[in-house]
Amino acid sequence: MFIQIKGLQDEKLIRPVQLISNLFFEETTLTDEENDLVMAFTITELKASVVFFAGGNEYTSSWMIDELPEEEKSRRKVIKNAVSHVVLDVLTQYTGITQNWGVLTGIRPTKLMHKQNQANADKHEARKHLKETYMISDDKITLMERIVERQLTMVPDLYDLRREVSVYIGIPFCPTKCAYCTFPAFAIQGKQGRVSSFLSGLHYEMEKIGDWLKENKVKITTVYYGGGTPTSIIAQEMDELYEHMYNVFPDAEKIREITVEAGRPDTITPEKLDVLNKWNIDRISINPQSYTQETLRAIGRHHTVEETIEKFHLARKMGMNNINMDLIIGLPGEGTAEFQHTLDETEKLMPESLTVHTLSFKRASEMTQNRDKYKVAGRNEAEKMMEMAEKWTEKHGYVPYYLYRQKNIVGNLENVGYAVPGQESIYNIMIMEEMQTIIGIGCGAASKFIDPETGKIEQFANPKDPKSYNDRFMEFTDKKIEKLNKLFQSEKITSR
């Protein structure tokens with residue numbers, strides 16, 4: 001979709017116009033060349049206006065600016081918000097499509113609700129602010145309220161955890177790579193030498209980070225093993241890894257939660273479950289994504305539906321008492337009938353938590369690069385599937401407890417984590433609400449350094465492929481420790 005832009009003098013406003021346009025059209029190109037679709041802007045200190053010419057019709061919208069701040073960054077933010085509003089309005093008029101998330105294009109809407117909470121805004125004021133400022137629908141605001149309430153019930157000290165950290169440990173290996181995946185995930189078959197080298201570097205990182213945490217008396221809130229698939233490595237390697245964690249991390253036995261993704265059922269064995277039990281790890285993920293075998297083949301998951309069910313029962317039999325399962329809305333060839341089948345099969349298992357993802361076309365994934373090959377549900381059908389998930393979880397006693405969104409997500413929807421009350425993942429809350437530093441260890445692991453005083457966020461990522469990681473893990477460990485030293489200076493901590 002090509003749209004000609006007129007009257008937009010500030011080039012930094014082009015990006016928000018494109019992001020809002022992309023909510024309505026699969027891919028938008030903004031141009032100054034003559035075109036049948038034209039957006040003509042008029043921006044003053046009092047008002048932002050746009051006229052959208054399309055198909056011989058004109059669609060108009062204006063947004064009054066109450067006051068322009070003197071500070072340049074705040075000034076730009078107000079103007080950007082006004083421009084986003086008028087673009088959303090004219091494209092809603094033109095397409096007839098209502099965007100329930102309004103002008104929001106970021107991935108963490110619930111952070112806005114937490115900010116209102118921390119500012120002591122009452123419920124009515126918070127709802128009014130979110131609706132008027134961002135044009136979020138009442139239903140989505142209610143969902144945000146429920147999630148924030150649940151998070152604060154599960155983690156009452158959520159706003160006081162900036163002087164603690166959580167740790168993400170990335171294992172970059174999988175049996176095969178799924179078509180929608182952009183995470184570090186390298187086929188493990190025949191790569192044992194590479195795996196051994198990687199684990200050596202990982203043990204080094206864990207030890208050095210553990211030493212720093214001990215020296216600076218910084219506690220760990222949660223640990224999350226992700227990837228890839230952490231259960232791709234053999235049982236002995238898992239055993240050595242968890243033993244090392246308990247040896248080098250401070251007060252490891254007091255960590256609130258340790259999670260291991262076992263997302264690929266074809267990696268789960270009795271021996272590996274024995275190792276998890278040995279180290280008191282009972283929160284795992286076993287991810288079906290779908291219970292339709294043709295879908296699993298289409299997306300490159302080489303396990304069977306029967307294997308998912310079998311491994312779930314095995315994990316339950318061997319003492320796993322907090323199992324998460326992931327489902328994906330909008331997988332190729334799937335509509336409401338297939339999704340209903342997936343919900344029916346989930347009902348037979350009843351995991352403690354269920355994360356309902358909406359398919360996202362991530363730039364580097366095989367699915368995006370060959371998009372014509374993968375036919376997916378349209379906006380209306382995706383919305384129906386999300387409604388089915390909402391009704392199913394409510395019927396079975398699950399509550400929503402975290403939410404995030406992604407670019408190029410089918411139907412401009414969201415991903416929602418549901419759980420049996422009391423079984424919510426603390427790590428998922430911490431990573432989504434960005435209330436504390438997350439230290440990323442391992443191949444492709446991303447760190448988020450959050451200043452304990454200002455809340456300012458800085459991101460830092462380890463190399464994504466095992467060879468680069470093996471060559472540079474010492475260098476990246478040193479850089480992380482430098483950043484931690486700046487954030488957690490002794491005078492900062494003791495002054496609180």
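**Exercise 1. The end of helix α3**

Find which residue with a positive phi follows α3, then describe the buried side of α3.

Step 1. Asn120 follows α3, and its phi is positive, near 60°. Helices here are DSSP runs of H or I with at least four residues, strands are runs of E with at least two, and both are numbered from the N terminus.

Step 2. The model is predicted: local features need pLDDT of at least 70, side-chain atom pairs count only at pLDDT 80 or more, and totals for chains, interfaces and linings use all residues. Residues are numbered from 1 along each chain as its sequence is written, and side-chain values use heavy atoms, with hydrogens and water left out.

Step 3. The buried residues in α3 include Thr110, Leu112, Met113, His114 and Gln116. Buried means under 20% relative accessible area, exposed means over 50%, and partly exposed lies in between (1.4 Å probe, protein chains only).

Step 4. These buried residues pack against α4 (123-134), α5, β14 (399-404) and α14 (426-433).

**Exercise 2. Helices α3 and α5**

Decide how α3 is oriented to α5 and which residues make the contact.

Step 1. Two packed helices are described by the angle between their axes and the distance between the axes. Axes are lines fitted to C-alpha atoms, for helices over the stretch in contact, and angles run from 0 to 180 degrees between N-to-C directions.

Step 2. For α3 (residues 110-118) and α5 (residues 138-154), the angle is about 65° and the axes are 9 Å apart. α3 is therefore roughly perpendicular to α5. The classes are: under 35 degrees roughly parallel, over 145 roughly antiparallel, 65 to 115 roughly perpendicular, and the rest oblique.

Step 3. On the α3 side the contact is made by Thr110, Met113, His114 and Asn117, and on the α5 side by Ile141, Met144, Glu145, Ile147, Val148, Gln151 and Leu152. Contact means heavy atoms within 4.5 Å.

Step 4. By class, these residues are six nonpolar, four polar and one charged. Ala, Val, Leu, Ile, Met, Phe, Trp, Tyr, Cys and Pro count as nonpolar, Asp, Glu, Lys and Arg as charged, and the others, Gly among them, as polar.

**Exercise 3. Helices α4 and α5**

Classify the angle between α4 and α5 and list the residues that meet.

Step 1. The angle is about 130°, and the axes of α4 and α5 are 10 Å apart. α4 and α5 are therefore oblique to each other.

Step 2. Lys123, Arg127, Leu130 and Lys131 of α4 meet Asp138, Ile141, Thr142, Met144 and Glu145 of α5. This contact of α4 with α5 has three nonpolar, one polar and five charged residues.

**Exercise 4. Helices α7 and α8**

Do the same for α7 and α8.

Step 1. Helix α7 (residues 235-248) packs with helix α8 (residues 270-278) at about 10°, with the axes 9 Å apart. The pair is therefore roughly parallel.

Step 2. α7 contributes Ala235, Met238, Asp239 and Tyr242, while α8 contributes Glu271, Lys272, Val275, Leu276 and Lys278. The residues of the contact of α7 with α8 are five nonpolar, no polar and four charged.

**Exercise 5. Two buried residues**

Place Thr393 and Ser84 and name the residues they touch.

Step 1. Thr393 is in helix α13 (residues 379-395). Its relative accessible area is 1%, so Thr393 is buried.

Step 2. Not counting residues up to four places away in sequence, Thr393 touches Leu354, Tyr398 and Tyr418. The side chain of Thr393 also reaches the backbone oxygen of Ala389 at 2.9 Å.

Step 3. Ser84 lies in helix α2 (residues 72-95). With a relative accessible area of 7%, Ser84 is buried.

Step 4. Leaving aside neighbours within four places in sequence, Ser84 is in contact with Pro16, Ile20 and Val103.

**Exercise 6. Backbone angles in loops**

Examine Lys217, Asp251 and the peptide bond from Gly227 to Gly228.

Step 1. Lys217 is in the loop between α6 (192-215) and β9, and its phi is near 55°, a positive value in a residue other than glycine. Lys217 counts as exposed because its relative accessibility is 74%.

Step 2. Asp251 is in the loop between α7 and β10 (257-261). Its phi is positive, about 45°, although Asp251 is not a glycine. At 43% relative accessibility, Asp251 counts as partly exposed.

Step 3. The peptide bond from Gly227 to Gly228 is cis, with omega near 15°. Gly228 lies in the loop between β9 (220-227) and α7.

Definitions and conventions
A polar contact is a pair of N or O atoms within 3.5 Å; within protein, one must be able to donate a hydrogen and the other to accept it, and residues adjacent in sequence count only if both atoms are side-chain atoms.
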